[in-house]
Amino acid sequence: MLSTLKRFFDFCTKEDRKKFYLSIFLGLLKAMIAAMRIPAIALILNALITNKLSMTVIWQVIGILLLSLVLNILVTLKTTMLQTEGGYHTCAQKRIEIAEHIRYLPMGYFNQNSLGQMTSITTTTLESLSDIATRVVMVTMQGFLTTFVITLSVLIYDWRIGLILIAGLLVFLLPNSLMRKQAGVMTPIKQKADTDLIDVILKYVQGIAEVKSFNITKQSAKTLSTAIFAKRDADIKMTLVTVPWIAVQNIITKLTGVAMCGAAIWFYLQGSMDLLICMMMVISAYMVYESLDGVSSFSSLLRAVDLAVELVEEIFDLQPMNTKGQDLQPSSSHLELDQVTFSYKDRPIIKNLSFTIPEKTRTAIVGPSGSGKTTLCHLMARFWDIDKGHIRLDGHELTEYSYDSLIRNFSFVFQNVYLFEDTIENNIKFGRQEASHDQVVAVAKKARCHDFIMALPQGYDTVIGEAGASLSGGEKQRISIARAMMKDAPIIILDEATANIDPENEAELMAAIDELTQDKTIIMIAHRLKTVENADQIIVLDKGQIVQQGKHVELAKQAGIYRDFITTKKEALSWKLAARA
Ligand SMILES: Nc1ncnc2c1ncn2[C@@H]1O[C@H](COP(=O)(O)OP(=O)(O)OP(=O)(O)O)[C@@H](O)[C@H]1O
């Protein structure tokens, strides 16, 4: 138990730890205040028995009980406030730290499983830590503190009853550790069930369009209901595992109380104990099991606190990419790849690849699906660290840059645009937080967004529906172009849209891209014939290697992947034209 408490306090921020320590101190005070009731009750009982009940005694007792009540209320209020503030503040802080920490993790962490896990930890786990854990830790601590104070006073008044109480406490702790062990086995199963359920729900909601269109509702519902029932079973088992032990502990506390009362009465009858002390022992016996009952029902949850802290710490243990670089300001956006090799786990994707991208030129990357085009673009902005070789920006290795100073140089326009559930203005300003409204409007005009934004009910203040659902694909793309323009980075990495967009949208999109890419270094995964024809260099990838490299005119003459690519594009273009005619 002590290790759990220590772990929890180490986990809290320094400022909150102070709050918890203060609340423990106040807990000790509260236990002493509670113990004030023992002499007060004994005083009045003694007066009754000895027939010496007077108004003075009554007022003395009322005074002690009132003082104990008022102090108890005040101390409880203060401790509750300290614990609540400490709990919620720690969790808010941890959420911010997690958000910051994951920025520096390699992209490999962000697969589907990590989404469920991350959501579960930042929501449910931290929520339970801020709320339940704080209470569990504090109630358990309070229970033990009160028991400690009572045991100490019992020992002072009569060591024999004190020893009975200590023996009872030792027996009480035995099932406590067994219960925590069994709960400890169930806790990871319950945590996994929580994470799985969140994961399945996220996938279900994210993929609802596919679920509907492929009519696989029942199949998805089956996965969902399996996760729901697994969580139900884990919750029930978790509770059932602790119930018998809590009952055993309740019996032990009650038996200890009975033994204390029996022994006190026996000593009194034998003449080795005063009636007053005997009555105080009886009252103490009652107070001990009152305070221990709280401990037994809450201490089974201590393992959950332990595991919750462990889960959050696991995120912080994830090794960020080497971020020891310096804040460098490159004077040119010249990129150089030198014998770059990269694998996803053990699967080689990019093999010994070298080429340069001079500043303010257009490089088109083409190649069959799965040849490594996206991976290559990600490597250039250090989304992943390479296994071998060098990537240099303005002559410096990417690893020489601090992550922030490196990423300042890149803007991305991906095919799958992610817009935040926020106003259109804020989505565009995501590229430069301090931009003014006029600057937002200016880039929106250049990115051909202004007209459709103004047609929306709240214009720039329109909140985009979840995952940008209220905008068309072309509109979302153009917002992402405006966002990239706002950032105004010297290197643009662009994954050209392959989707069949209508001619009007296509023209708007191309105009927006032309505005974005003026005077920049462009690296694009090209799908359109016109784009590759205009590129300064074309890199043709196949199975992670460069198989052709050069300008359109040279490559078009050679047999190979590039010529096949342009033939396919020309055919597609002629079908499109025929369809329009
Ligand atoms: N995060 C990842 N983890 C493991 N393997 C991955 C990951 N991302 C991509 N891959 C694999 O790496 C290979 C190259 O993928 P990549 O997306 O770079 O190819 P691409 O040429 O851009 O494909 P496409 O044209 O279809 O988008 C593929 O086989 C893909 O399955």
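Modeller: Two strands pair if DSSP finds at least two bridges between them. This is a predicted model, in which local features need pLDDT of at least 70, side-chain atom pairs count only at pLDDT 80 or more, and totals for chains, interfaces and linings use all residues. Residues are numbered from 1 along each chain as its sequence is written.

Biologist: What makes strand E3 (residues 362-366) and E9 a pair?

Modeller: Four bridges join E3 to E9, and the rule asks for at least two, so the two strands pair. They run parallel, with threonine 363 opposite glutamine 537 in E9. The labels come from DSSP runs numbered from the N terminus: helices are H or I with at least four residues, strands E with at least two. The protein chain has 20 helices and 10 strands.

Biologist: What joins strand E9 (residues 537-542) to strand E10 (residues 545-550)?

Modeller: Five bridges link E9 and E10, and their sense is antiparallel. Aspartate 542 faces glutamine 545 in E10. Two residues lie between the strands of this hairpin, where lysine 543 has a positive phi near 50°.

Biologist: Why are E6 and E10 called edge strands?

Modeller: The open sheet of six strands has the order E6-E7-E8-E3-E9-E10, and its pairing is mixed. Strand E6 (410-413) and E10 each have a single partner strand, so one side of each lacks a neighbour in the sheet. From one strand to the next, the twist averages 20°.

Biologist: How do you know which strands H11 lies across?

Modeller: Contact means that C-beta atoms, placed from the backbone, lie within 7 Å. H11 lies across E3, strand E7 (491-495), strand E8 (521-525) and E9. H11 runs at about 150° to E8; such angles, from 0 to 180 degrees, are taken between N-to-C directions of lines fitted to C-alpha atoms, for helices over the stretch in contact. Helix H16 (residues 473-487) also packs on the sheet, where it touches E6 and E7, and its direction makes about 175° with that of E6.

Biologist: Why is glycine 473 called partly exposed?

Modeller: A residue is buried with 20 or more other C-beta atoms within 10 Å of its own, exposed with 12 or fewer, and partly exposed in between. Glycine 473 has 17 such neighbours, so it counts as partly exposed. Glycine 473 belongs to helix H16, and its C-alpha is 9.4 Å from that of glutamine 415, although the two are 58 residues apart in sequence. In the whole protein chain, 35% of the 581 residues are buried.

Biologist: What makes up the shell around the ligand, by class?

Modeller: A residue is near the ligand if its C-beta atom lies within 6 Å of it. The residues found there include Tyr344, Ile349, Gly370 and Lys373. The shell has two nonpolar, seven polar and one charged residues. Tyr and Ile count as nonpolar, with Ala, Val, Leu, Met, Phe, Trp, Cys and Pro; Asp, Glu, Lys and Arg are charged; the others, Gly among them, are polar. Helix H11 (residues 373-380) gives the largest share of the shell, three residues.

Biologist: How do you know where the transmembrane regions are?

Modeller: An unreviewed UniProt entry annotates residues 20-45, 57-77, 136-155 and 161-179 as "transmembrane region"; such annotations may be inferred rather than shown by experiment. In the model, residues 20-45 are 96% helix and 0% strand, with end C-alpha atoms 38 Å apart. Residues 136-155 are 100% helix and 0% strand, and their end C-alpha atoms lie 28 Å apart.

Methods. Contact = placed C-beta atoms within 7 Å.
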